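Student: Hi! I have a structure open here and would like to talk it through. Can you help me find my way around?

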Amino acid sequence: MNDFPGCIKFTNISTSYAFVCRILEKQCGIQQQSATFDFQFEELLKILNAQEKFLLSRYFSQMPTNVGSYRVLLQLQNLQILTASEYILRREHSDQLLVDLVIFLESEFDLLEDLFMTAAYNATCRLKLTAILESALGHLYAGLVSNPKISELAYVDFLPKSLPDDALAVCINMHLNTVLQLHQVEEINEAFANFSAWINEGVDELTFVKHLSEKLFASHQQDALQFIFKYSNQENFVDWKFYLILVQSIASIAKSETQAYIKKYLKGRVLHTANTGCLKSFLHLLLTARAASATTMDIQSNLDNYAKWYKQNIGEMTYLMTTEKFHLMLGLLEQSLFYEKELAYLEVHASIAISPGGRLVQAFKTKCRSQVSFLKSEAKRQSAK
């Protein structure tokens, strides 16, 4: 009895078990199989008792991956002998694990579906499976940053059609968490300096973010934005590049209710910043508003969108807050001038009136125009080199 593959001390193992194991090995060595042979193999699997099925699942999990292994795994999953999640968790420390997951992402969508379903509904292994999935996604998307053509991300079209809403929400959060961490900067002034370059890169090169937004996040736009807004408010936030690209990507295809949600969020952010007097919160507000305004392929239209937002939320902020908070916001506007690196956005600040005017507003406008002149001279100096 101990000669049977995968055998441990069970007393209820039939003589057919060893035969099924040998057939299992042969099946794994065949890349494609006819429907007739697949049916016959599944009928053999059905004759095993519960203990034998358990042994077979353990044996399969220990076998080296072969050309037909994923086809066989799907058969085992369909017969409730071994799920993709159980298989992956058993191979957690295997050198083959990442290869398995990459192949799931490339072509084995039914197996991939089981991983996300289990991560959503199985509290026992949720954390471990989420970490494994995010690691695989991170590897895939880091590769896409270097070469956007290495994957067509066909699984992104499949999952929204196969996962129920709450499982899809878990899946979306994993993707957002992974994408956000693809690039870090030490200081927020780097986000101001690189804003337009990052947005252009997101539109022209890092097109996988747009694909995710159009396919995976499409039915959960507000949930996705809520996730990244909350994520970006953590202390010492450094994931500015993909935060801004994600906001721009979602905003550019936003449904009317999502547009209303963004507008409401930004207005709430204005009031929150006026209450706290926090410079970082104000800088976050400016960057988020710019990303949310960059919804077209026309740069001037995007600047016009931002100017409209700035006029309604900053130019007319006295309608929203007390005099004390108004003065506090003017102070934050002055402090933000030292972070501004893009002339086009600073010119919006310089040109739009802030009601009701007065000495403090004029002082800010003077400093704003001074910073505009400085950036223009810096641009001339750079172009002369």
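Student: Let's start with α20. What covers its buried residues?

Tutor: Among the elements that cover the buried residues of α20 are α17, α18 (323-336) and α19 (343-351). Covering rests on contact, meaning heavy atoms within 4.5 Å. Helices here are DSSP runs of H or I with at least four residues, numbered from the N terminus.

Student: Is this an experimental or a predicted model?

Tutor: This is a predicted model, where local features need pLDDT of at least 70 and side-chain atom pairs count only at pLDDT 80 or more, while totals for chains, interfaces and linings use all residues. Residues are numbered from 1 along each chain as its sequence is written, and side-chain values use heavy atoms, with hydrogens and water left out.

Student: Which residues of α20 are buried?

Tutor: They are V361, F364, K365, C368, Q371, V372 and L375. Buried means under 20% relative accessible area, exposed over 50%, and partly exposed in between, with a 1.4 Å probe and protein chains only.

Student: Why would residues three or four places apart point the same way?

Tutor: An α-helix has 3.6 residues a turn, so residues spaced like that point the same way.

Student: How far does α20 reach?

Tutor: Helix α20 (residues 359-384) has 26 residues and reaches 38 Å from its first C-alpha to its last, close to the 38 Å expected at 1.5 Å a residue. The expected span is 1.5 Å times one less than the number of residues.

Student: New topic: pockets! How much space lies in the largest one?

Tutor: About 520 Å³. Of the 17 residues lining the largest pocket, Q259, K263, A292, S293 and N305 are the closest to its centre. A pocket is an open set of points on a 1 Å grid over the protein atoms alone, where a 1.4 Å probe fits, with protein on both sides within 12 Å along at least five of seven lines; lining residues have an atom within 4 Å of a point. Grid points are joined across faces, edges and corners, and the volume is the space filled by probe spheres set on the points.

Student: Which helix gives the largest share of that lining?

Tutor: That is α15, with six residues.

Student: And what's the volume of the second largest pocket?

Tutor: About 270 Å³. The closest to its centre, of 15 lining residues, are I199, N200, T296, I299 and N302. Helix α11 gives the most to this lining, with six residues.

Student: Last one: why does E106 count as partly exposed?

Tutor: E106 counts as partly exposed because its relative accessibility is 47%. You'll find E106 in helix α6 (residues 97-106).

How values were computed. Helix = DSSP H or I, 4+ residues; strand = E, 2+ residues; numbered from the N terminus.
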